[in-house]
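Reader: I should like to go through this protein model step by step, with each answer tied to what can be computed from the atoms. May we begin once the sequence and structure are in view?

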Amino acid sequence: LSGPIYSWELFNRSLDTILLGDNFFTGSIPDISSPATKFKRLDLGNNLFTGGLPNITSNYLTNLNVSFNMLSGTINEYWWTGRNYLDRLFASNNNFTGSLPRVLAAGSIWYLDLSHNRFSGSLPAQWTSRTILNIYLKNNTLSGNLTSSVSTLASLYAIDFSHNQFSGSFPTVAATANPCNLGYNLFMGGLPLYCGTRCSCENALDPGTTGAQYVTSFNYAVYSTSIATSTSINSA
């Protein structure tokens with residue numbers, strides 16, 4: 001399938017799931033509003049969409065996948081206003097820029113994948129009060145000290161902050177998140193007291209840190225298996 005999607009009103013309003021991934025759709029993503037749309041899950045991953053994230057005023061949408069497109073622009077706190085029901089956002093492998101949104105959805109966003117974009121700046125302090133379970137920020141240009149930013153995120157289940165420019169001491173969250181990938185950053189000092197079998201610290205230290213070259217152990221098989229569960233989460 002190819003071409004633009006001009007409006008969601010073309011779809012049956014009784015549908016609660018729309019799966020249009022792995023096609024060749026182009027153009028911008030139409031706004032998602034109520035009562036025109038009542039679907040809960042929208043999968044637009046792996047297409048050729050451009051522009052920014054669509055405006056969402058629907059009270060039904062909980063799961064949005066726009067990964068592997070050519071979307072760009074920023075995702076600021078204003079985009080989240082009123083999105084009380086959105087709890088899963090998959091927006092990896094696009095061209096989003098700017099800082100991470102300071103305020104997430106007013107509801108219970110628990111799965112957030114913004115990896116492989118061009119986000120910069122530090123992890124927002126406001127995230128520390130959220131009940132996020134899964135955060136994937138791999139391969140951006142994020143920086144700053146994670147120790148204070150994520151120390152109160154005790155409910156984390158899985159994180160991937162690898163391939164960024166985070167610095168300072170290793171965050172204690174490494175002891176609670178499993179899997180946890182902090183590799184390829186600029187941390188200083190010693191490793192956390194506990195780093196589980198699914199915790200990667202490979203090349204996580206600043207190259208100038210004594211012994212940095214020895215921090216290379218990582219169980220890739222276990223980590224890869226755990227990340228694969230995102231497929232089942234996305235389809236829930």
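**Strand pairing, burial and cavities**

Author: In this predicted model, Gly-168 has Phe-187 of strand E17 as its bridge partner. That pair is a convenient place to start.

Reader: How many bridges join strand E15 to E17?

Author: Strand E15 covers residues 165–168 and runs parallel to E17. One residue pair of this kind is Gly-168 with Phe-187 in E17. The number of bridges joining E15 to E17 is 2.

Reader: What is the strand order of the open sheet of 6 strands?

Author: The pairing in this open sheet is parallel. Strand E7 (72–73) and strand E17 (186–187) are its edge strands, each pairing on one side only. Read across the sheet, the order is E7-E9-E11-E13-E15-E17.

Reader: Which residue in E13 stands opposite Gly-121?

Author: Strand E13 comprises residues 141–145, and 2 bridges join E11 to it in parallel. In E13, the residue opposite Gly-121 is Leu-142.

Reader: Which residue in E15 is the bridge partner of Asn-145?

Author: E13 and E15 run parallel and are joined by 3 bridges. The partner of Asn-145 in E15 is Ser-167.

Reader: Why is one side of E1 and of E5 left without a neighbour in the sheet?

Author: These strands belong to an open sheet of 3 strands with parallel pairing, in the order E1-E3-E5. Strand E1 (2–4) and E5 stand at the edges, so one side of each lacks a neighbour in the sheet because each has a single partner strand.

Reader: Which residue in E3 is the bridge partner of Pro-4?

Author: E1 is joined to strand E3 (residues 24–27) by 3 bridges, and the two run parallel. Gly-3 stands opposite Phe-25 in E3. For Pro-4, the partner in E3 is Thr-26.

Reader: Which residue in E5 is the bridge partner of Gly-27?

Author: E3 and E5 run parallel, with 2 bridges between them. In E5, the partner of Gly-27 is Phe-49.

Reader: Is Leu-53 buried or exposed, and what is its relative accessible area?

Author: Leu-53 lies in the loop between strand E5 (48–49) and strand E6 (63–65). Residues under 20% relative accessible area count as buried. Leu-53 is therefore classed as buried, with a relative accessible area of 14%.

Reader: Leaving aside neighbours within four places in sequence, which residues is Leu-53 in contact with?

Author: Leu-53 and Ala-91 are 38 residues apart along the chain, and their C-alpha atoms are separated by 9.2 Å. Ala-91 is not in the contact list of Leu-53, which consists of Val-66, Leu-71, Ile-75, Trp-79 and Phe-96.

Reader: Which backbone oxygen does the side chain of Asn-117 reach, and at what distance?

Author: Asn-117 lies in the loop between strand E10 (111–113) and strand E11 (118–121), and Asn-117 is buried, with a relative accessible area of 7%. Its side chain reaches the backbone nitrogen of Asn-95 at 3.3 Å. The side chain of Asn-117 also reaches the backbone oxygen of Leu-114, at 3.1 Å.

Reader: Not counting residues up to four places away in sequence, which residues does Asn-117 touch?

Author: Asn-95, whose backbone nitrogen the Asn-117 side chain reaches, is among the residues touched. The full set is Ala-91, Ser-92, Asn-93, Asn-94, Asn-95, Phe-96, Asn-139 and Asn-140.

Reader: With which side chain does the side chain of Arg-88 make a polar contact?

Author: Arg-88 is placed in strand E8 (residues 88–90). With a relative accessible area of 8%, Arg-88 is buried. Its side chain makes a polar contact, at 2.9 Å, with the side chain of Asp-87.

Reader: How much space lies in the largest cavity?

Author: The structure holds 2 cavities of 30 Å³ or more. The largest is lined by 10 residues, and Phe-11, Asn-12, Arg-13, Thr-37 and Phe-39 lie nearest its centre. By class, this lining has 6 nonpolar, 2 polar and 2 charged residues. The space in the largest cavity is about 40 Å³.

Reader: What percentage of the residues in the protein chain is buried?

Author: The chain has 3 helices and 18 strands. Among contacts with a separation of 6 or more, 34% come from residues 24 or more positions apart. Of the 236 residues in the chain, the buried share is 47%.

Technical notes. Residues are numbered from 1 along each chain as its sequence is written. This is a predicted model: local features need pLDDT of at least 70, side-chain atom pairs count only at pLDDT 80 or more; totals for chains, interfaces and linings use all residues. Side-chain values use heavy atoms; hydrogens and water are left out. On a 1 Å grid over the protein atoms alone, a cavity is a set of points where a 1.4 Å probe fits but cannot get out, and a pocket is an open set with protein on both sides within 12 Å along at least five of seven lines; lining residues have an atom within 4 Å of a point. Grid points are joined across faces, edges and corners, and a volume is the space filled by probe spheres set on the points. Ala, Val, Leu, Ile, Met, Phe, Trp, Tyr, Cys and Pro count as nonpolar, Asp, Glu, Lys and Arg as charged, and the others, Gly among them, as polar. Helices (H or I, at least four residues) and strands (E, at least two) are DSSP runs, numbered from the N terminus. Buried means under 20% relative accessible area, exposed over 50%, partly exposed in between (1.4 Å probe, protein chains only). Contact means heavy atoms within 4.5 Å. A polar contact is a pair of N or O atoms within 3.5 Å; within protein, one must be able to donate a hydrogen and the other to accept it, and residues adjacent in sequence count only if both atoms are side-chain atoms. Two strands pair if DSSP finds at least two bridges between them.
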